[in-house]
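The following exercises concern cavities, nonpolar cores, salt bridges and backbone geometry. Please inspect the sequence and the model before reading each solution.

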Amino acid sequence: MKKKILCSVCMATLLYANESEQFNLGEIDISETKNVSNKEEILSEDMQLHNSTDISEALSNTAGVFLSNSGARAEKTISIRGFNSTRVAVFMDGIPIYVPYDGNFDYGRFTTADLSKIDISKGFSSVRYGANTMAGVVNLISKKPTKEFEGNISLGSNFDDDFGVSQYTTSVNLGTKQKKYYLQFAGSIRDRDHFDVSSDFNKTENQPKNERIHSSSNDKKFSIKAGWTPDDNSEYAIMYSKIDAEKEQPKITDGSLGREREWDWPQWDKEGVYLFTDNNFGQNYLKTRWFYDKFENYLIQYRRDSDWDTFQWGSRYDDYSYGGSVEFGMPLKNHEIVSSVSYKYDSHKGYDEDDVKNEDYADETISIALEDTYSITDSLALVAGISYDRLEDDKIWDEDGKYSIKSIDSFNPQIGLFYDIDTKQKISFTIARKTHLPTMKERYSEKMGDGLANPDLKEEKATHYELSYTNFLTDNFNFKTNLFLIDYKDAIQSVSVGSLDQNQNIGDFRHEGIELELNAYFDRFSSGLNYTYIDIEDRDDSDYERTGIPEHAIFGFAKYNFTKDFSFYGNVKHERGTKLEYDDNKYKKNNYTTVDTKLIYTYNDLTFEAGVKNLLDEDYYYDLGYPEAGREYFVNMRYTF
């Protein structure tokens with residue numbers, strides 16, 4: 001049944017002034033002085049323009065990054081150049097925030113209202129990020145105030161195709177910057193009552209037309225940051241962040257496409273305390289980051305066909321991580337040398353519905369890194385880096401005494417050549433060897449009785465080769481292309497061992513592709529277009545298929561200003577060639593196109609918006625049996641001061 005949501009909160013976030021700067025203590029750049037990385041930035045203005053209310057939506061508009069929605073877990077994730085999200089390292093201001101047990105988390109629970117930008121590195125990334133950056137790095141950078149008093153308040157509502165209220169959002173950001181200190185507060189609520197499926201959806205026994213059954217979620221997020229700047233050479237900051245979420249699991253629309261589940265997550269909570277320091281000693285600097293991060297999750301399984309009424313069993317996670325990193329940088333003639341040490345302790349405890357512990361694991365991960373940026377000439381730079389990563393079991397839940405404490409280690413070298421051809425053209429070539437150290441789940445999960453643990457798993461290896469070229473064609477146009485090839489070995493795959501499945505290092509793949517980007521900027525008109533092609537070759541000639549990865553993907557947008565205060569925005573997203581498994585070794589290819597539009601009106605410090613998401617009411621999905629939302633209308637308002 002639909003909740004009654006007051007129309008007085010029928011507005012959402014979006015103004016195109018960057019009222020806060022990024023929190024530079026949370027950034028990790030290869031060089032402080034040279035532009036020697038191929039990382040991409042998604043600014044808060046971009047998230048506002050594209051209506052990206054969570055980080056999965058923001059990331060999926062980037063070339064080479066694809067959105068996934070695991071219907072069986074009601075969980076949004078991403079992939080980068082063919083690697084799923086468990087191979088992507090996610091950081092909050094340079095601090096790792098992925099869930100300890102399986103190295104993953106629900107990207108849809110992280111709203112964007114408190115972010116100044118998102119940094120994305122694909123393949124080649126700073127070795128100072130530490131272990132498990134095999135596919136790439138996503139670093140969420142929070143806001144930092146720039147004025148004595150500043151902030152914004154935003155409100156918004158979404159409506160079904162029949163104009164019933166389906167979701168509302170609200171957020172508040174407040175900040176102050178004084179001579180020797182600053183304070184920043186951010187809070188947001190996103191309450192989705194339900195969504196409607198497309199009118200083109202063919203109803204089934206499990207899912208009629210219109211409202212998607214059991215599709216509500218509620219996300220509350222807030223953070224507070226305090227910083228002290230006693231002089232020009234030092235800065236200290238402490239931040240507390242909390243996510244309090246709950247979500248429902250829609251039933252699969254057709255039981256022949258997969259296992260039917262009746263699940264709820266009444267608890268999906270994540271909180272952390274983070275401490276940052278930055279001290280400069282002449283031209284040298286010392287930065288540190290320290291953290292304690294906690295994750296609590298509760299899953300309820302109801303008896304099948306009970307319409308989420310009869311409790312069957314429950315599963316509870318009680319996880320935490322703590323650790324830190326120390327980074328020291330110094331210039332030496334034409335060299336910019338940075339060294340770092342990082343440590344992370346991960347603890348996972350799992351309980352059944354009777355609060356009886358049935359999982360208890362802990363890992364320690366240490367990474368030692370050295371990076372050098374050598375300015376050969378003013379226009380040519382060579383970057384070399386290497387890290388040593390080591391994972392060691394600290395605790396294993398093992399009543400039978402079958403397993404012993406083990407360790408896994410890896411070396412990760414990389415090198416890059418960056419050349420500024422002239423003031424408008426830049427070219428680079430990079431080679432990066434990255435690894436993935438197997439997670440607790442990959443090593444020890446017995447898959448609810450269907451699998452065998454394998455504590456002897458070793459690291460996966462990926463060698464990234466990338467050639468990039470950027471050209472600022474004119475003052476109004478710029479163009480960029482990335483050619484990439486990835487040699488992926490010892491991939492962890494599930495194989496049959498008798499009647500059970502076991503994870504083993506048997507995969508051998510090659511990922512290759514191209515990314516193209518074109519942007520245009522004029523007084524009244526701006527637009528952007530990116531295209532990705534990716535091909536994944538299984539060099540073992542096995543029956544294994546990489547699923548959920550589109551072969552071709554396009555994202556384009558345009559914004560036209562009718563007047564200084566009134567404008568039109570639209571975007572289109574198209575993906576094709578995505579293989580989705582619907583039966584053992586049987587696949588369907590998924591193609592879809594969505595269009596979003598809106599009108600924007602600005603009056604002094606107020607911005608109003610009205611628009612449509614999925615204008616064409618496309619019936620599409622990322623996971624078979626779990627359709628996405630059909631056409632939705634929205635109105636947004638934002639006040640900035």
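The exercises below are worked through step by step and refer to a predicted model.

**Exercise 1. Describe the second largest cavity by volume, lining and composition.**

Step 1. Begin with the whole structure, which holds twelve cavities of 30 Å³ or more. The second largest cavity contains about 280 Å³ of space.

Step 2. Turn to the lining, which has 26 residues. Closest to the centre of this cavity are F91, P96, Y129, G130 and S342.

Step 3. Assign the lining to strands. At least two lining residues come from each of β5 (88-92), β6 (95-96), β15 (284-302), β16 (311-332), β17 (335-351) and β18 (357-375). The largest contribution, five residues, is that of β17.

Step 4. Sort the lining by class. There are 13 nonpolar residues, nine polar residues and four charged residues.

**Exercise 2. Identify the residues with the most contacts inside the largest nonpolar core, and examine the surroundings of F105.**

Step 1. The largest nonpolar core has 49 residues. Within this core, L59, F105, I118 and L140 have the most contacts.

Step 2. For F105, set aside the neighbours within four places in sequence. The remaining contacts of F105 are E75, K76, T77, V90, I97, Y98, V99, F110 and W268.

Step 3. Another core, of seven residues, lies apart from the largest one. Its members include I30, V36, F124 and A381.

**Exercise 3. For the salt bridges E41–K117, D293–K270 and D508–R539, state the N to O distance, the location of the partners and their burial.**

Step 1. A search of the whole structure gives 47 salt bridges. In the E41–K117 pair, the side chains meet at 2.7 Å, N to O. This pair links distant parts of the chain, with E41 in strand β2 (residues 40-43) and K117 in strand β7 (residues 115-122), 76 residues apart.

Step 2. Compare each partner with the burial cut-off, which is under 20% relative accessible area. K117 is buried because its relative accessible area is 2%. E41, at 41%, is partly exposed.

Step 3. The side chains of D293 and K270 form a salt bridge at 2.6 Å, N to O. D293 belongs to strand β15 and K270 to strand β14 (residues 263-281), so this salt bridge ties together parts of the chain 23 residues apart in sequence. Both D293 and K270 are buried.

Step 4. In the D508–R539 salt bridge, the closest N and O atoms are 3.0 Å apart. D508 is in strand β25 (residues 500-521), while R539 is in the loop between β26 (525-538) and β27 (552-561), so the pair ties together parts 31 residues apart in sequence. D508 counts as buried at 18% relative accessibility, whereas R539 is partly exposed at 29%.

Step 5. Salt bridges can also share partners. One network formed in this way joins D54, E57, K76, D106, R109, R190, D219 and K247.

**Exercise 4. Where does N591 lie, and with which residues is it in contact?**

Step 1. N591 is located in strand β29 (residues 586-603). Its relative accessible area is 37%, which makes N591 partly exposed.

Step 2. With neighbours within four places in sequence left aside, N591 is in contact with E575, R576, G577 and E618.

Step 3. Relate N591 to V127. These two residues are 464 residues apart in sequence, and their C-alpha atoms are 37 Å apart in space.

**Exercise 5. Locate R81 and N132, give the phi of each, and decide whether each residue is buried or exposed.**

Step 1. R81 has a positive phi of about 50°, although this residue is not a glycine. R81 is placed in the loop between β4 (75-80) and β5.

Step 2. N132, also a residue other than glycine, has a positive phi near 65°. N132 is found in the loop between β7 and β8 (136-144).

Step 3. Apply the cut-off for buried residues, under 20% relative accessible area. R81 is buried, with a value of 3%. N132 is buried as well, with a relative accessible area of 16%.

Methods
Residues are numbered from 1 along each chain as its sequence is written. This is a predicted model: local features need pLDDT of at least 70, side-chain atom pairs count only at pLDDT 80 or more; totals for chains, interfaces and linings use all residues. Side-chain values use heavy atoms; hydrogens and water are left out. On a 1 Å grid over the protein atoms alone, a cavity is a set of points where a 1.4 Å probe fits but cannot get out, and a pocket is an open set with protein on both sides within 12 Å along at least five of seven lines; lining residues have an atom within 4 Å of a point. Grid points are joined across faces, edges and corners, and a volume is the space filled by probe spheres set on the points. Helices (H or I, at least four residues) and strands (E, at least two) are DSSP runs, numbered from the N terminus. Ala, Val, Leu, Ile, Met, Phe, Trp, Tyr, Cys and Pro count as nonpolar, Asp, Glu, Lys and Arg as charged, and the others, Gly among them, as polar. A nonpolar core is a set of buried Ala, Val, Leu, Ile, Met, Phe, Trp, Tyr and Cys residues joined through side-chain atoms within 4.5 Å. Buried means under 20% relative accessible area, exposed over 50%, partly exposed in between (1.4 Å probe, protein chains only). Contact means heavy atoms within 4.5 Å. A salt bridge is a side-chain nitrogen of Lys or Arg within 4 Å of a carboxyl oxygen of Asp or Glu.
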